[in-house]
Amino acid sequence: MPTLNGFTYQYIEKNPGGHTLLLLHGTGGDENDLLDLGAELDPQANLLSPRGEILENGMPRSFRRLAPGVFDEADIVFRTDELAEFIEAAGALYQIDRSRMTAVGYSNGANIAASLFLLRPEALDRAILLRPMLPLTPEMLPDLSGKKLLVLAGKYDELMPAESTTALTQMLQKSGAQVELVWQDTGHALISTDVRLAQDWLK
Ligand code: MLT
């Protein structure tokens, strides 16, 4: 498995210079976890999939937490910078058109993607956040005008408090992003409707 800037990752090129999905897995996943989902969402997309740098009881994730839903904010800032640098480096290495990149993050991966928008907005223009919550409140709101996000939430999500998902959506909107939030009759796990909604949004 290749490594770049300390990240182990997968890069699958299908369409040089075309659409690329940046896949960010949840706790306990790895760089292979979301490859099938990415191929289902857009069969023509290049797939860039880094493994989270942290190990929590042997499970990879993207930043440290003190307890479920209680995050180590200093570590989020540090890891968000590292991921932004990785995206930059991978973009240069594989000549990825960054304006044609969409992040797809699930759970902890959705939270680090949200953090990229809040702290390093130059890193991404578009994202699909699957089961996110507000990872942190930045000192100053970023300028997210022109950015587009789809937030797919579960009404019965046992891990992501609904008010935190709503707070994240409102913060992104207040920062100028165009955000579509969809509440589904489900919990934290992904369902087939997530795939259909995400496919439709990508078109
Ligand atoms: C997080 O840590 O980002 C959330 O609690 C979701 C998760 O369990 O990964």
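The expected span of a helix is 1.5 Å times one less than its number of residues. Keep that rule in mind for the helix I want to show you. One caution before we start: this is a predicted model.

The helix is α3. It has twelve residues, so at 1.5 Å a residue α3 should span 16 Å. The C-alpha atoms at its ends are 16 Å apart, which agrees.

Next, how covered is α3? Mostly: eleven of the twelve residues in α3 are buried. Buried here means under 20% relative accessible area. The buried residues of α3 include N108, G109, A110 and N111. I112, A113, A114 and S115 in α3 are buried too. So are L116, F117 and L118.

Now take one residue of this helix, L116. L116 sits in α3. Its relative accessible area is 0%, so L116 counts as buried. What does L116 touch, leaving aside neighbours within four places in sequence? L116 is in contact with T80, L83, A84 and I87, and also with P121, A123 and L124. Look at A84 in that list. L116 and A84 lie 32 residues apart in sequence, yet their C-alpha atoms are 7.1 Å apart in space.

L124 was on that list as well, so let us move there. L124 is in the loop between α3 and β10. That loop follows α3, residues 108-119, and leads to β10, residues 126-130. Is L124 buried or exposed? Buried, because its relative accessibility is 3%. Not counting residues up to four places away in sequence, L124 touches A113, L116 and F117. L124 also touches L22, M101, A103 and K147. For a contrast, take Q10. Q10 and L124 are 114 residues apart in sequence, and 19 Å separates their C-alpha atoms.

Back to α3, and on to its partner. Two packed helices are described by the angle between their axes and the distance between the axes. Here the second helix is α4, residues 162-174. The axes of α3 and α4 come within 11 Å and cross at roughly 30 degrees. Angles under 35 degrees count as roughly parallel. Therefore α3 and α4 are roughly parallel to each other. Their crossing is left-handed.

Which residues meet there? From α3, A114, F117 and L118. From α4, L168, M171 and L172. By class, this contact of α3 with α4 has six nonpolar residues, no polar ones and no charged ones.

One general point on helices to finish. An α-helix has 3.6 residues a turn, so residues three or four places apart point the same way.

Notes:
Residues numbered from 1 in each chain as written. Predicted model: local features only at pLDDT ≥ 70, side-chain atom pairs only at ≥ 80, totals over all residues. Heavy atoms only, no water. Helix = DSSP H or I, 4+ residues; strand = E, 2+ residues; numbered from the N terminus. Buried < 20%, exposed > 50% of the residue type's maximum accessible area, 1.4 Å probe, protein only. Contact = heavy atoms within 4.5 Å. Axes fitted to C-alpha atoms, helices over the stretch in contact; angles between N-to-C directions. Parallel < 35°, antiparallel > 145°, perpendicular 65-115°, else oblique. Left-handed = near helix turned anticlockwise from the far one by under 90°. Nonpolar A, V, L, I, M, F, W, Y, C, P; charged D, E, K, R; others polar.
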